[in-house]
Amino acid sequence: MKNNTQIQTKLQELLSHDYESEIVEFKEAKNQYDFDKLGKYFSALCNEANLKNQSSAWLVFGVKDKDKSIVGSQFRNSPADLHSLKAEIANHTTGRITFIEIYDVSTPHGRVILFEIPAAPKGFPIAWKGHYYGRDGEEINALNTEEYERIREQATTEDWSAVLVEEAGLEDLSPEAILKARASYKTKNPHLAEQIAEWDDMTFLNKAKVCIKGQITRTAILLLGKSESEHFINPATSKITWILKDRDNLEKDYAHFTCPLLLSTEGVYQKIRNLKYRYITDGTLFPEEVDQYDPYIIREALNNCIAHQDYTIGGKIIVVENEDGRLTFSNAGKFIPKSVEEVVVADAPEFRYRNKFLTEAMVNLNMIDTIGSGIKKMYLIQRRKFFPLPDYELVNDKVNVTITGKVMDINYARKLATVPDLSLEDIMALDKVSKNKSLKDEEIKRLKAKKLIEGRKPNFHISLNLAKATGEKGDYIKQRGIDDEYCQKIILDYIRKFGEGKKSDFEDILLAKLPDVLDEQQKYNKIKNNLQSLRKQGLIYPEGKNWKMSKT
């Protein structure tokens with residue numbers, strides 16, 4: 001914080017500039033100033049200070065922007081009211097970042113207010129109410145894509161999770177979490193049990209690669225920090241939210257967890273109501289009893305969220321439990337590998353990681369499996385239980401994975417594991433078919449070559465051969481529906497019997513018979529196309545809204 005002499009000097013320095021720059025803004029604000037506009041300037045000046053490699057930017061009230069003359073401002077005359085702006089701004093910015101300081105300065109020409117605004121941290125563009133702002137000269141605009149990426153790329157040049165937190169010490173870590181970490185490290189390295197017992201805490205943390213040369217890292221704060229230590233990683237957050245929703249998708253309960261995440265993951269796990277699920281498998285009269293959600297899958301999915309979260313864009317990890325038997329894990333950040341399928345098929349470590357230091361520490365503390373194999377194991381567990389495979393959704397800088405904890409009656413994947421010569425890659429593609437998801441060209445080519453699917457892009461269904469093998473013959477007929485020849489026969493039979501028929505009459509008869517892979521509009525289009533086909537063949541003709549048999 002600057003003293004009175006320093007701030008007076010700073011004011012004169014700012015006034016001496018011939019023009020406003022991207023990191024200095026003058027406003028008259030004689031009485032009031034729009035709060036939302038103030039927030040937009042805060043975001044813009046934060047981001048521009050970062051891009052100009054400056055430690056801070058300035059917003060000045062009580063000064064004309066054209067000639068830099070002081071006109072005085074009555075904006076928030078009360079000191080308490082003025083300084084409450086810090087919290088008010090923080091409530092709407094990325095990571096609750098706010099003013100470095102607000103200075104109330106008296107001059108011979110009137111009152112001037114100087115807002116010292118911090119530069120956006122490296123890798124962290126700062127948003128106001130979810131939108132990022134920047135400046136082109138004196139104009140405030142949305143932060144352009146090039147500038148946004150330039151700030152974001154600052155984080156890729158260094159491992160965010162390995163950065164030292166110089167002001168933090170061992171006293172900022174949870175003793176309970178360190179004890180748990182020791183036990184987990186011993187489980188991972190039983191041959192070191194005697195040595196581990198002799199290490200002091202910092203020696204252990206260095207050996208486990210949670211700290212670096214006796215200094216606390218962001219990884220140490222995330223995994224082992226006391227709850228009140230979260231501020232050390234601001235504007236990033238260390239939060240997990242669990243939400244329980246009923247069958248109507250309405251929220252019934254929730255809980256928030258923060259660091260130390262090594263312990264918080266157990267708290268989240270205890271919240272999840274992992275009920276027993278019973279079902280009868282083929283070839284036996286005895287029911288199979290399994291957990292709805294395999295404990296390994298819960299821990300792997302949750303810890304993957306922690307390991308791969310993009311902490312540079314804020315946000316928190318969210319776990320949504322639905323009473324209809326679904327569990328969804330969400331974390332911020334793009335999925336770095338090209339695809340989930342590539343990870344499962346390769347079954348090998350990814351060549352780069354967003355948080356390499358954090359990921360390695362979590363492996364050392366037995367929180368996640370050997371790097372690269374955890375996701376494939378999740379797929380294999382679901383396959384063995386005849387449950388749908390994990391469902392990944394990669395959209396809007398977010399990764400969502402949904403685990404289904406029951407057998408789906410209309411899901412072909414429940415018996416696919418019993419079909420010989422089916423690879424996990426094939427089962428993943430067929431699982432997409434069962435969920436009416438689009439297939440990649442190479443998947444279509446492979447499944448058609450093996451005669452596992454029928455239909456035309458994008459409407460595929462399982463083949464007759466596969467339906468026979470899995471006992472899904474009923475579903476096959478339901479998915480395949482009736483062909484065009486049979487559809488046209490029904491139309492012709494109707495017109496012969498009743499003399500004429502409206503399009504709505506044919507829809508009443510045919511809609512229920514058309515395949516389930518078609519959506520409602522596609523079914524209507526199919527009926528329309530068959531009517532036109534019969535017209536082109538010269539078999540029927542339209543008369544008003546009715547269709548009649550041709551006389552030839």
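In which sense do strand 8 (residues 239-245) and strand 12 pair, and over how many bridges? Select both in the viewer: strand 8 and strand 12 run in the parallel sense, and six bridges join them. One pair to pick out is Thr241 with its bridge partner in strand 12, Ile318. Keep in mind throughout that this is a predicted model.

**The whole sheet**

Now widen the selection to the sheet to which these strands belong. It is an open sheet of six strands in the order 9-8-12-13-15-14, and its pairing is mixed. At the edges are strand 9 (251-258) and strand 14 (391-395), each of which pairs on one side only. On average, neighbouring strands here are turned by 15° against each other, direction ignored. As background, strands of a sheet pair through backbone hydrogen bonds, either parallel or antiparallel.

**Two helices on the sheet**

Add residues 261-271, which are helix 10. Helix 10 packs on the sheet and touches strand 8, strand 9 and strand 12. Its direction makes about 165° with that of strand 9.

Next add helix 11, residues 295-308, which also packs on the sheet. The strands touched by helix 11 are strand 8, strand 12, strand 13 and strand 15. Its direction makes about 15° with that of strand 13.

**Strands 12, 13 and 15**

Hide the helices and select residues 317-322, which make up strand 12. Strand 12 pairs with strand 13 in the antiparallel sense over five bridges. Within this pairing, Val319 has Phe329 of strand 13 as its bridge partner, and Asn322 stands opposite Arg326.

The two strands form a hairpin with three residues between them. Click on Gly325 in the turn: its phi is positive, about 95°.

Now move to strand 15 (residues 398-404), which pairs with strand 13 in the antiparallel sense over seven bridges. Return to Arg326 and look towards strand 15, where Thr404 stands opposite.

How many residues of strand 12 are buried? Five of its six are, so the strand is mostly covered. For strand 13 (residues 326-332), six of the seven residues are buried, so the rest of the structure largely encloses this strand.

**A buried glutamate**

Leave the sheet and select Glu48, in helix 2 (residues 35-51). Is Glu48 buried or exposed? The relative accessibility of Glu48 is 1%, so it counts as buried. Leaving aside residues up to four places away in sequence, Glu48 touches Glu22, Ile23, Gly134, Arg135 and Glu147.

**Helix 20 against helix 22**

For the last stop, show helix 20 (residues 484-498) together with helix 22 (residues 520-536). They pack at an angle of about 70°, and their axes are 10 Å apart. That angle makes helix 20 roughly perpendicular to helix 22.

Show side chains for the contact residues:

- from helix 20, Asp484, Cys487, Gln488, Ile491 and Leu492;
- from helix 22, Lys526, Asn530, Leu531, Ser533 and Leu534.

Coloured by class, the contact of helix 20 with helix 22 has five nonpolar, three polar and two charged residues.

Methods: Residues are numbered from 1 along each chain as its sequence is written. This is a predicted model: local features need pLDDT of at least 70, side-chain atom pairs count only at pLDDT 80 or more; totals for chains, interfaces and linings use all residues. Side-chain values use heavy atoms; hydrogens and water are left out. Buried means under 20% relative accessible area, exposed over 50%, partly exposed in between (1.4 Å probe, protein chains only). Helices (H or I, at least four residues) and strands (E, at least two) are DSSP runs, numbered from the N terminus. Two strands pair if DSSP finds at least two bridges between them. Axes are lines fitted to C-alpha atoms, for helices over the stretch in contact, and angles run from 0 to 180 degrees between N-to-C directions. Contact means heavy atoms within 4.5 Å. Angles under 35 degrees count as roughly parallel, over 145 as roughly antiparallel, 65 to 115 as roughly perpendicular and the rest as oblique. Ala, Val, Leu, Ile, Met, Phe, Trp, Tyr, Cys and Pro count as nonpolar, Asp, Glu, Lys and Arg as charged, and the others, Gly among them, as polar.
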